[in-house]
Amino acid sequence: LLIGTVLTSPVGPAPETTLQGIHLATNTVTPVKLAFSSETALEDARLTLSLPVGVELMGYDGQTDLSWSTDLEEGTNVLRLPLIGRTAATDVLVARLEHPSGAKTFRLPVTVNE
């Protein structure tokens, strides 16, 4: 499941974007890809994920907030997220991309069905 290109530049007129929602089944790994498109290479960008209630990232059991530094190449950069729905819920996954040139927040509605 690819959630489209979500970034044209870290600095832009819309500091926040809501993406098309996804559906997860409980206790099933669903691969979700977030595509970040950058007009230029960005070194040392900071990516932060806030997972919704009832959702985990495979390998990070129980962690709801994850953050790391990464370099983005010019063009499309794909982040692969193996998400697992743990409990039925509807909430929002928040991805925040920060760089010295600016920041942008993306909201991805997530529904977990039993």
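Which residues does N77 touch, not counting residues up to four places away in sequence? In this predicted model, N77 touches L34, A35, F36 and L72. The residue itself is found in strand β8. Its relative accessible area is 13%, and because buried means under 20%, N77 counts as buried. Two polar contacts involve its side chain: one reaches the backbone nitrogen of E73 at 2.8 Å, and another reaches the backbone oxygen of G75 at 3.2 Å. A single asparagine thus offers a way into the structure, and the wider view comes next.

The protein chain has zero helices and ten strands. Read from the N terminus on, its elements run β-β-β-β-β-β-β-β-β-β. The chain holds 114 residues, and buried residues make up 40% of them. Its accessible surface comes to about 6,100 Å², with 50% of that belonging to carbon and sulfur atoms. Contacts in the chain often span long stretches of sequence: among those with a separation of 6 or more, 77% are accounted for by residues 24 or more positions apart.

What lies inside? In soluble globular proteins, nonpolar side chains tend to be buried together. Here, the largest nonpolar core has 25 residues. Within this core, the residues with the most contacts are L34, L83, L93, L108 and V110. Many strands contribute to it, as at least two core residues come from each of β3 (22–25), β4 (29–38), β5 (42–50), β6 (55–57), β7 (65–72), β8 (75–85), β9 (89–99) and β10 (102–113). One of the core residues with the most contacts, L34, is also among the residues that N77 touches.

Another residue touched by N77 is F36, which leads to the aromatic rings. A pair of aromatic rings is described by the distance of the centres and the angle of the planes. A search of the whole structure finds one such pair. It is formed by F36 and F106 in an edge-to-face arrangement, with 5.7 Å from centre to centre and 75° between the planes. The two partners belong to distant parts of the chain, F36 in strand β4 and F106 in strand β10, and they are 70 residues apart. Both F36 and F106 are buried.

Strand β10 also holds T111. This threonine has a relative accessible area of 18%, which is under 20%, so T111 is buried. Leaving aside neighbours within four places in sequence, T111 is in contact with I22, H23, L24, A89 and T90.

How exposed or buried is S67? This serine, which lies in strand β7, has a relative accessible area of 37% and is therefore partly exposed. Not counting residues up to four places away in sequence, S67 touches R46, L47 and T48. With two of these residues its side chain makes polar contacts: the side chains of S67 and R46 are joined at 3.1 Å, and those of S67 and T48 at 3.0 Å. As for L47, it is 20 residues from S67 in sequence, yet the two are 5.6 Å apart in space from C-alpha to C-alpha.

Charged residues complete the picture. Side chains of opposite charge can pair when their charged atoms come close. The count of salt bridges in the model comes to two. In one of them, the side chains of R86 and E56 meet, with 3.1 Å from N to O. R86 lies in the loop between β8 and β9 and E56 in strand β6, so this pair ties together parts that are 30 residues apart in sequence. The two partners differ in how they are covered: R86 is partly exposed, with a relative accessible area of 34%, whereas E56 is buried, with a relative accessible area of 16%.

The other salt bridge is formed by R96 and E98, whose closest N and O atoms are 3.6 Å apart. Here R96 counts as partly exposed at 32% relative accessibility, and E98 likewise counts as partly exposed at 31%.

Conventions. Residues are numbered from 1 along each chain as its sequence is written. This is a predicted model: local features need pLDDT of at least 70, side-chain atom pairs count only at pLDDT 80 or more; totals for chains, interfaces and linings use all residues. Side-chain values use heavy atoms; hydrogens and water are left out. A nonpolar core is a set of buried Ala, Val, Leu, Ile, Met, Phe, Trp, Tyr and Cys residues joined through side-chain atoms within 4.5 Å. Buried means under 20% relative accessible area, exposed over 50%, partly exposed in between (1.4 Å probe, protein chains only). Helices (H or I, at least four residues) and strands (E, at least two) are DSSP runs, numbered from the N terminus. A polar contact is a pair of N or O atoms within 3.5 Å; within protein, one must be able to donate a hydrogen and the other to accept it, and residues adjacent in sequence count only if both atoms are side-chain atoms. Contact means heavy atoms within 4.5 Å. Rings of Phe, Tyr and Trp (its six-membered ring) pair if their centres lie within 6.5 Å; planes under 30 degrees apart count as stacked, over 60 as edge-to-face and the rest as tilted. Accessible areas come from the Shrake-Rupley method with a 1.4 Å probe; for residues, only the protein chains shown count as cover. A salt bridge is a side-chain nitrogen of Lys or Arg within 4 Å of a carboxyl oxygen of Asp or Glu.
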